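Please open the model in the viewer and keep the sequence panel beside it. The tour below proposes what to select at each stop and states what is found there.

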Amino acid sequence: MASNTAPHAKNSKEWLTGWDPNNEASWDSKIAWRTLWVTTYALTLGFISWFLVSALAPKLNSLGFDLSKKELYWLAAMPGLAGGGLRLVWMFLPPIFGTRRLVTYSTALLVLPLLGWSFAVRNPSTPYIGLLALGFLAGLGGGVFSGFMPSTSYFFPKSKQGVALGIQAGIGNFGVSIVQFVTPIIVGSAMFGATLGAPQHFVDTTKGIDKFAWYQNAGLLWIPFVVVAVILAGTLLKSVPVTSRGVKDQLDIFSNKHTWLMTLLYVMTFGTFSGLAAQFGLLIKNLFGEFVNAPDPVKYAFFGPLIGSAARVLAGPISDRFGGGRITLFSGLGIAGSSLFTVFHLSPQSSADFAPFFWGMMTVFFFTGVGNASTFKQMPMIFQPRQAGGVIGWVSAIAAFGPFVFGVLLSLVAPKSFFLGVCIFALFCSVVTWWYYARPNAEKKS
């Protein structure tokens, strides 16, 4: 069983005592909201690091690398493999280390991929195995999610967790679109000067582009922001006494069938969101790249994560009001319908066919964002507080494999078959949601 005493209780500057967020008389909202904003800032940087590879991969060959389409899919997928695997570790850490130490140390680790990629892009002779290793390190930014989100859930009452977790995850998800939007802008400027590296020769023969660019900026830009996040986390955050004696005490979540059902639903929502966010740029390049006036993947890739992240923020309070189960059902049906629509726009004949494909994808991203928020509303309602934190970490870990799974599947099957599979899977998840969580006599109305 969980211990009610924090392992570092003597350090009053770090650990709170007698913390009960569901008791309005003793709940300190200032501490809760401060925790939310600091961890959200750090989480946004985590997502920036996690999806840095997706912003760089479509341009690597123009920098002198010689990578096949399959190699690029696998490279963009590697952070997803790492993020999912590392979330399986981070999900157990909040009760052991506490919020302050976990967020501080985890955020500091983000320097590794950001600095590593700033060196790799300058040298086209970097071996592919080295690029894969750096892709794995980028997964650190995805791994921290399953530690940060449960930590934040400990600070808020159930009635406000839909809003709080929706804000944190939604704004954190903006990191995906931020890195994909900012990268093409900052690589065109010698903002750090020659002291941090000479420019790269960028050549795109299909578009007649021959110029110099500073792709090392894509990683270096964020390092000062990471330093600030580490300082804020180490000085402003507290830890709450929702602790465990170790990993073994937290394994009871796996004997609850709802852990597995919610895993399925979060794979449908966040797995699809993260998978498509990582592969969207490459998908645009591979479907439309050979046409005259082809759309630039980097200019459009950030729109999907932007839409999905905004939908997640907005859907949090809506889920609090109408129930997470109902909103998840709405999300599942929406993912199925928009995926089916997209299936019919995956055999373009010219760049003019880009518009319906693009809007189909935006609709998919919108519904995944809605479901990302509603599922996080469901979990604190279904499970007791300590278990809810563990379940949130677990489902986040499994869904984080989305970029990896999507990358592998898109390298093996045609896009039409892939999106048809997404449609069928979403319909199945919708049935599960209706039966267990949304119908009038549902087992766990949430």
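Begin with the whole protein chain: with 446 residues, a compact globule would have a radius of gyration near 22 Å, and the chain has 22 Å, which agrees. The radius is taken over C-alpha atoms, and the globule rule is 2.2 Å times the number of residues to the power 0.38. This is a predicted model, in which local features need pLDDT of at least 70 and side-chain atom pairs count only at pLDDT 80 or more, while totals for chains, interfaces and linings use all residues. Residues are numbered from 1 along each chain as its sequence is written, and side-chain values use heavy atoms, with hydrogens and water left out.

**Stop 1: the overall view**

Rotate the C-alpha trace, which spans about 65 × 55 × 30 Å along its principal axes. Colour the chain by secondary structure to find 20 helices and 2 strands; these are DSSP runs numbered from the N terminus, helices being H or I with at least four residues and strands E with at least two. Of the 446 residues, 60% count as buried (buried means under 20% relative accessible area, exposed over 50%, partly exposed in between, with a 1.4 Å probe and protein chains only).

**Stop 2: two helices**

Select helix α19, residues 402-412. Here 8 of the 11 residues are buried, so the helix is largely enclosed by the rest of the structure. The buried residues are G402, P403, F404, F406, G407, V408, L410 and S411.

Next, select S319 in helix α15 (residues 303-322). S319 counts as buried because its relative accessible area is 0%. Add L132 to the selection: S319 and L132 are 187 residues apart in sequence and, C-alpha to C-alpha, 39 Å apart in space.

**Stop 3: aromatic rings**

A pair of aromatic rings is described by the distance of the centres and the angle of the planes. Rings of Phe, Tyr and Trp (its six-membered ring) pair if their centres lie within 6.5 Å; planes under 30 degrees apart count as stacked, over 60 as edge-to-face and the rest as tilted. By this rule there are 41 aromatic pairs. One of them is F145 with F270, a stacked pair at 5.9 Å centre to centre with 15° between the planes. This pair links distant parts of the chain, with F145 in helix α9 (residues 145-153) and F270 in helix α13 (residues 257-288), 125 residues apart. F145 is buried at 0% relative accessibility, and F270 is buried with a relative accessible area of 0%.

Then select Y436 and Y437, a tilted pair at 6.2 Å centre to centre with 45° between the planes. Y436 is partly exposed at 22% relative accessibility, whereas Y437 is buried at 1%.

**Stop 4: charges over rings**

A charge sits over a ring if NZ of Lys or CZ of Arg is within 6 Å of the ring centre and within 35 degrees of the ring normal. Show R439 with W435: R439 lies over the face of W435, 3.7 Å from the ring centre. R122 lies over the face of F119, at 4.8 Å from the ring centre.

**Stop 5: a cavity**

On a 1 Å grid over the protein atoms alone, a cavity is a set of points where a 1.4 Å probe fits but cannot get out, and lining residues have an atom within 4 Å of a point. The count comes to 4 cavities of 30 Å³ or more. Select S54, A55, P58, Q180, G281, P297, V298 and A301, which line the second largest cavity. Elements α2 (52-56) and α14 (297-300) each give two or more residues to this lining. The second largest cavity holds about 40 Å³ of space, a volume being the space filled by probe spheres set on the points, with grid points joined across faces, edges and corners.

Technical notes. 1 Å grid on protein atoms, 1.4 Å probe; cavity = no way out; pocket = protein on both sides within 12 Å on 5 of 7 lines; lining within 4 Å.
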